[in-house]
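Q: I am new to reading protein models, and I would like a close look at a single part. Could you walk me through the nonpolar core and the disulfide in this one?

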Amino acid sequence: GVVAKRSKWVFLFLMLLFLLPSTKATAQVTYTLGDGTISSNTLGVSPFATINRNQRSQYLYYGQELTDAGAMSGNIVSLALNITQLGGANLYPENVNIKMKMVPNVVLGNQLMENLPVYYSAATVNITETGWYTFALNAPFEWDGFSNILIEICRNNENFGNSFKVESTLYNALDYRTVGLYSNETNIAGCDLTGTSEMINSDRRTRPNMQFTMTDPCSGLPIPGETVVSAGPYCDG
């Protein structure tokens, strides 16, 4: 009768919805690199050592660290730092840029690398409480699944005072993973600083713990036209 015909059409409609191509984005997974518990406000180690006006810091994260955590090639869409102490009342990092690049280096020298592409920019980063603070990248960073990643965080503040502390890890002798420059000059931006780092060796071996949030290339279907992964290991068949 009428009820049977109506049920048939409802069933066919539901089946059609099921068969239509999905536009669901791939799932996101967060990986934490670094397990130390040092709370550091040292210039260079903390990218927001706002005791100085200008700062430019670079950090090396190994591709092997990500793969050991279970990551595969895909898009990094956000980064996070574990803030353990604030810089003070009404003091925030200003004119912040985050730059990223895949590199072959296994240690860093005492000079910063140049010409890294910018993936995040903000006039002010409103860090108002301790804990993990996430920086949603303005554009995804495509990681190939094995290369090491160099991350630069640079800034310049009009106002400065106390420094933000970040949770960090101290690595072994000669395992240099951090390099930084800083100044109080008013005529040069932090992202334009050049020269030799003044960091002592123990600080160069201390790197902020960082969370990488990535799209999972093995979950869901990609949005048509969206680049999901580049060359590298793929999902099991």
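A: Here is a friendly tour of the core, followed by the disulfide.

This is a predicted model, in which local features need pLDDT of at least 70 and side-chain atom pairs count only at pLDDT 80 or more, while totals for chains, interfaces and linings use all residues. Residues are numbered from 1 along each chain as its sequence is written, and side-chain values use heavy atoms, with hydrogens and water left out.

A nonpolar core is a set of buried Ala, Val, Leu, Ile, Met, Phe, Trp, Tyr and Cys residues joined through side-chain atoms within 4.5 Å; buried means under 20% relative accessible area, with a 1.4 Å probe and protein chains only. The largest such core here has 31 residues, and Ile 76, Met 100 and Phe 212 are among those with the most contacts inside it. Strands E4 (74-85) and E8 (148-156) are among the elements giving it two or more residues; strands (E, at least two residues) and helices (H or I, at least four) are DSSP runs, numbered from the N terminus. Ile 76 is in contact (heavy atoms within 4.5 Å) with residues including Met 100, Ile 149 and Phe 212.

Now for the disulfide, a pair of cysteine sulfur atoms within 2.5 Å. The structure holds 1, formed by Cys 154 and Cys 191 with their sulfur atoms 2.0 Å apart. Cys 154 lies in strand E8 and Cys 191 in the loop between strand E10 (178-183) and helix H3 (201-204), so the pair ties together parts 37 residues apart in sequence. Cys 154 counts as buried because its relative accessibility is 0%, and Cys 191 counts as buried at 15%.

Technical notes
Buried means under 20% relative accessible area, exposed over 50%, partly exposed in between (1.4 Å probe, protein chains only). Lists of a residue's contacts leave out its neighbours within four places in sequence.
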